[in-house]
Amino acid sequence: MLLALALVLVTAGVSAQTIEKPSVTGKTSFAVIIDNHTLEKCAPQVAEYKKTIEGEGLPTFVVSSKWESPEQVKQVLEKLYKENNLEGVVFIGEIPVAMVMKAQFMTSAYKMDERKFPLEEVAVPTDRFYDDFDLKFNKIADSTKGLHHFYELAPDSTPYIECDIYSARIVGQKSNGCSCKQIAAYLEKAVREHKSGNKFDQFTSYTGEGSYSNSITAWKAEQEIVNEQFPGVFKKEGEARYLRYSMADYMKPYVIKELRRPELDFMVFHEHGDWFRMYLSGNPGEQEPVGYLKNYLRVMARRNPARAKARAEELGLDSTWYADYNTPESIKADSLLDINTGIVLEDVNNIAPNARMVVFDACYNGDFRNPEFIAGKFIMSKGSCVVGFANSVNVLQDKSAFDLMGLLGNGVRVGLWAQHINILESHLFGDPTFHFAANPGDEDLNSVLTIKDNAYWASRLDDKNPEVQNMAEIKLFEGNYPGISDILLKKFKESPYAIVRYNSMHLLEKIGDKNYWEVLKLATTDHFEFIRRIAVTRMGQVGAEEFLPYIVAAYENDRHATRIVFDASGALVCFDKDAASDAINNYFQDRHFYNADKDRAELLKLVEDNPSAESIKSILDKDKKGWRISYIQFMRNRPYHQNLTECLKVLEDPDDDVFVRTVMAEALAWWELSYRKQEIIDSCKKLLADPSTPDQMKPALISAVTRLSSKK
């Protein structure tokens, strides 16, 4: 049973907090964190929202204050978690934003240079500050700007994300007018959707130009996965739709038509994005090559006429192709062409999206440091959209966008779903307690997902629902269940479900033992393209030469899979050149298929042109400080295992530049999967034990040891 809290809580040195207690009891609880002004203006809507959630059996606290710092908010959440088994929170209105530095390794792709750009631009806005209580942060002094508070992840912090609760934000959008009126209208919409009894049976996926390297193989694989996650759901034509940028010159009208469908439940966008735009299509160069080239050169000329002239000459064209670049007519025409290739902020209110939930598998669509952003505009529109899941910074293309999605079809609250798939940049916008209706007689998975008993979850490993199997694996992994590695290996080998095999591989990656290496080898021939793609990428990050034959085979056997070829090419350069060449020659030794000699030569040239030799040469040259820094930082993305011995000499050299050595420690901390990571740990520990090691280096050394020693 939940414990009662006092109505007013006053903490020394901060504003008083008013706490409205739940009117029901339950096994877990939920919190609304809201600022005083917004609560005053939206009191009836907040009360109805609370009543609705409690009507579904989830006790709800409403905590209001003039919030002055993220620490103040987090103290409340930790107290509710310890005393009232808090499962999640929604932040409504003016709630402080934690802007985090030195945690880019927790993002999927973000790599801005934190030393070169202003804090406001380079820090990652993230609510992991609030929902993962094990992460430790140090406040950056005198850095607060309005609601934005700046922190560094502590060097000795837990180096992985494992959220204790789920979180979401509801914020007004600047161009929509009064924030409180927007929030009031949104809460009324959320209540309507809670009461609608709507089931998950209408799904649309859109893949934009440039996503997954435009690979048809990668696009096709999603259709297979969705049918695993929602078995028997999509029985009629049009209930599950898969759209792609290449289906028309401009797909924007078709995407808008989908978003406006009154019955649409869920839509996922795989696309490039920014806080103000969704990039749906490229310019139709193949269909209109002349018009495309003129537009291309005119746009370039407006930015840099000299560059446009040089590019035209490269293409064998003269200035007549772009001479009209500054005329009102051409500026208008190019603007219209550009706006047809994407959805911008100004479009969203008119679209009024009806998809109840939208996943933005894109960069920056959830960048809530801005006064308005794409995901925020979607949920604040007059349509039926109530939840957006989006990223606050840029995001990796080779990242799973389908994890545990089948749970949503079983009536699971979106917060409980998101809690287990969060990265530093991913965020829910809207009501995290929203859920689709479960089928009559179905098990209440919302209650099930809050269970933390290992014995219980061990009994669910072979559940008829593959997503419950996945949750069982996750819960046992989080609970340090004995023998979990062997269980994951067995599930990967035996499961008929691609979603279970991928989940097993993903969890084994966090363990990083011999079973993980075995799974990587098996994964290169898995039926599911995404598993094959991730396997070759990770083999390069591990760097053990026993993987080379598998990478070469994957490159050759999957020539039709653009993204796999791309990732295999990147993996091959992470190995010794001679070893890679031997693996290539061994593979082709007895193979005489059409173009075998050409393919062999192509791969050998790839290895011969390996940039690692030039990289280490520049790193060792003390007269090239600028280039040294660039090459060292590049190794965060590309671990040249064959150069580690030389890199460690730089790290340990007392006569070398301290800044260069510090940057080296920071870069090597990213080699979390490397088969040589123990050498890095030993080197960093030796330096930390040496009293002559400069203090400037120690935070980077501590962080490297912490990250490389972690098992999760």
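These questions and answers deal with a helix crossing and with aromatic pairs in a predicted model.

User: Why are H22 and H24 called oblique to each other?
Analyst: The axes of H22 (residues 548–557) and H24 (residues 577–588) cross at roughly 55°. Angles under 35 degrees count as roughly parallel and 65 to 115 as roughly perpendicular. The crossing angle of roughly 55° fits neither class, so H22 and H24 are oblique. The axes come within 9 Å, and H22 passes H24 in a right-handed crossing.

User: Which residues of H22 meet which residues of H24?
Analyst: From H22, the residues are Leu548, Pro549, Val552, Ala553, Glu556 and Asn557. From H24, they are Ala579, Ala580, Ala583, Ile584, Tyr587 and Phe588. This contact divides into ten nonpolar residues, one polar and one charged. Glu counts as charged and Asn as polar, so Glu556 and Asn557 fill those two classes.

User: What makes Phe360 and Phe378 an aromatic pair that is edge-to-face?
Analyst: The model has 33 aromatic pairs. In this one, the ring centres are 5.0 Å apart and the planes stand at 90°. Ring centres must lie within 6.5 Å to pair, and planes over 60 degrees apart count as edge-to-face. Both values meet these limits, so the pair is edge-to-face.

User: How do you know that the pair links distant parts of the chain?
Analyst: Phe360 is in strand S17 (residues 357–361) and Phe378 in helix H13 (residues 374–379), 18 residues apart.

User: Are Phe360 and Phe378 buried or exposed?
Analyst: Phe360 is buried, as is Phe378.

User: Which residues form one aromatic cluster?
Analyst: The cluster consists of Phe200, Phe203, Phe230, Phe234, Tyr242, Phe266, Phe434 and Phe436.

Technical notes: Residues numbered from 1 in each chain as written. Predicted model: local features only at pLDDT ≥ 70, side-chain atom pairs only at ≥ 80, totals over all residues. Heavy atoms only, no water. Axes fitted to C-alpha atoms, helices over the stretch in contact; angles between N-to-C directions. Helix = DSSP H or I, 4+ residues; strand = E, 2+ residues; numbered from the N terminus. Parallel < 35°, antiparallel > 145°, perpendicular 65-115°, else oblique. Left-handed = near helix turned anticlockwise from the far one by under 90°. Contact = heavy atoms within 4.5 Å. Phe/Tyr/Trp six-rings, centres within 6.5 Å; stacked < 30°, edge-to-face > 60°. Buried < 20%, exposed > 50% of the residue type's maximum accessible area, 1.4 Å probe, protein only.
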